[in-house]
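The following report goes through one protein model, beginning with a single residue and its backbone geometry and then widening to other sites and to the whole chain.

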Amino acid sequence: MHHVFFRQAFKDAWKATCKSSSSSPTMHVPHDKSFKLQPLTFSGEICKSNSITFQIDGHLVAPRDPHAWNTCDGSKCRQWIQFKKFGGLFIRGVGSINGQGSNWWKLSCKHDKIVCGKKPTGLVVANSNNVHIDDLTFEDSPQMHIAFERSTNIEATNLTIMAPGNSPNTDGIHIQHSSNVSIAHSIISTGDDCVSIGDGSSHLNITNIFCGPGHGISIGSLGMKGRNEKVEFVHVNNVSFTETQNGVRIKTWQGGKGYARHIVFENIIFQGSYNPIVIDQYYCPHKHCKNKTLAVKISDVTYNHILGTSNGETAVAFSCSTSTPCKNIIMKDIHLGHVKPEKKTSSYCSNVRGTADPGVFPKVSCLQVDENV
């Protein structure tokens, strides 16, 4: 299908919507229409209404060739579509947002300077409050599909997010410096984390999610290059993981500061996932990290009613710091067998303080058995 760029038309339509005197103006992308867009920012700062709807019933499509993206010079191509400075926004519809990222995934900084800065995120919501994203389909972003940054009171519901399992860094939803975020009733199948949670995030509710393929739901990584980073009050509930590389994971760098605390993972099913339960205070993806004493503190983490199968022997891996052990780690009603019935699962546990009920399987040796459960 031949696409014409519609960036200016969208700018004009947005300007009219923003200036509308209606209490709840709507900008509509019509059904069964495809619109090819260059990177574009919608700002609510000067809009008259605090309740604006961006109704997407058609299809938004990014340029297929990375070199055809305007504003991409290796440092400025941070996102494709951005919504910023809203006090009330509804992004919804039965349409799709396709980042056409397959050509981006093939590029490396060594061979192409366009990706030496950062590959673009598909859709970013920044510096906003009271934002709802509902019912849309997101496909093949060059990097992350959706990012919530420096925002509060966000609800993302009934989304479908898809990219090949081998597509690099294509997280479904990334959250950072944001609070009171709800992600619910969504299907996320990508090449990286289904949901990733970064610094400054608190009071998150992630529920009724199908995750797979992908790297699971991750808190972190936190504390890179000695940074002071914090995450707290995270509730992950009713999630199904299918053939994911990881399940529920907390990862921090040596030498970091801050904390990850008050976290609950419960009512979770694993089907053939590797590494279902992970805490890693020695996160080092490039495998050449120096030993450091400082560590991001991890505490008050509960795992409850987690069942299913692991595709690896180690179903539970707690690798915590000697100087800053993980504290108050609680495990209840856990049973993770091997996807191959003839094989058994095991656990790894180092520098962890907490309790486990007697029926937890595989047994986690460094947790005290709580006979009162």
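Histidine 305 is found in strand E24, which covers residues 297-310. The model is a predicted one, and in it the phi angle of histidine 305 is near 55°, a positive value in a residue other than glycine. With a relative accessible area of 29%, histidine 305 is partly exposed, because the partly exposed class lies between the 20% limit for buried and the 50% limit for exposed.

Aspartate 135 also has a positive phi, near 75°, and is likewise a residue other than glycine. The place of aspartate 135 is the loop between strand E10 (129-134) and strand E11 (137-139), and its relative accessible area of 39% makes it partly exposed. Most residues other than glycine have a negative phi, and most peptide bonds are trans.

**Cis peptide bonds**

The table sets out two cis peptide bonds together with the loops that hold their prolines.

| Peptide bond | Omega | Place of the proline |
|---|---|---|
| glycine 212 to proline 213, cis | about 0° | loop between strand E18 (201-211) and E19 |
| phenylalanine 361 to proline 362, cis | near 0° | loop between strand E28 (352-356) and strand E29 (368-369) |

**Two buried strand residues**

Strand E19, which comprises residues 217-222, contains leucine 222. Is leucine 222 buried or exposed? Its relative accessible area is 0%, so leucine 222 counts as buried, the limit for that class being under 20%. When neighbours within four places in sequence are left aside, the residues in contact with leucine 222 are Gly198, Asp199, Glu229, Val231, Lys251, Thr252, Trp253, Tyr259, Ala260 and Val296. Between leucine 222 and alanine 356 there are 26 Å in space, taken from C-alpha to C-alpha, and a separation of 134 residues in sequence.

Serine 186 belongs to strand E16, residues 179-189, and is buried at 4% relative accessibility. Which backbone atoms lie within reach of a polar atom of the side chain of serine 186? The backbone oxygen of alanine 184 is 2.9 Å from a polar atom of that side chain, while the backbone nitrogen of asparagine 158 is 3.5 Å from a polar atom of the side chain of serine 186. Beyond residues up to four places away in sequence, serine 186 touches Thr157, Asn158, Leu159, Asn208, Ile209 and Phe210.

**The chain as a whole**

The chain contains two helices and 29 strands. Its C-alpha trace spans about 65 × 50 × 40 Å along the principal axes. Why can the chain be said to agree with a compact globule? A compact globule of 373 residues would have a radius of gyration near 21 Å, and the chain has 22 Å, so the two agree.

Of the 373 residues, 54% count as buried. Among the contacts in the chain with a separation of 6 or more, 76% are accounted for by residues 24 or more positions apart. The chain exposes about 16100 Å², and carbon and sulfur atoms supply 48% of that area. As for charge, the chain has 37 positive and 29 negative charges, and the mean positions of these two sets are 10 Å apart.

Note on methods. Residues are numbered from 1 along each chain as its sequence is written. This is a predicted model: local features need pLDDT of at least 70, side-chain atom pairs count only at pLDDT 80 or more; totals for chains, interfaces and linings use all residues. Side-chain values use heavy atoms; hydrogens and water are left out. Helices (H or I, at least four residues) and strands (E, at least two) are DSSP runs, numbered from the N terminus. Buried means under 20% relative accessible area, exposed over 50%, partly exposed in between (1.4 Å probe, protein chains only). Contact means heavy atoms within 4.5 Å. A polar contact is a pair of N or O atoms within 3.5 Å; within protein, one must be able to donate a hydrogen and the other to accept it, and residues adjacent in sequence count only if both atoms are side-chain atoms. The radius of gyration is taken over C-alpha atoms; the globule rule is 2.2 Å times the number of residues to the power 0.38. Accessible areas come from the Shrake-Rupley method with a 1.4 Å probe; for residues, only the protein chains shown count as cover. Lys and Arg count as positive and Asp and Glu as negative; His and the chain ends are not counted. The place of a charge is taken as NZ of Lys, CZ of Arg, CG of Asp or CD of Glu.
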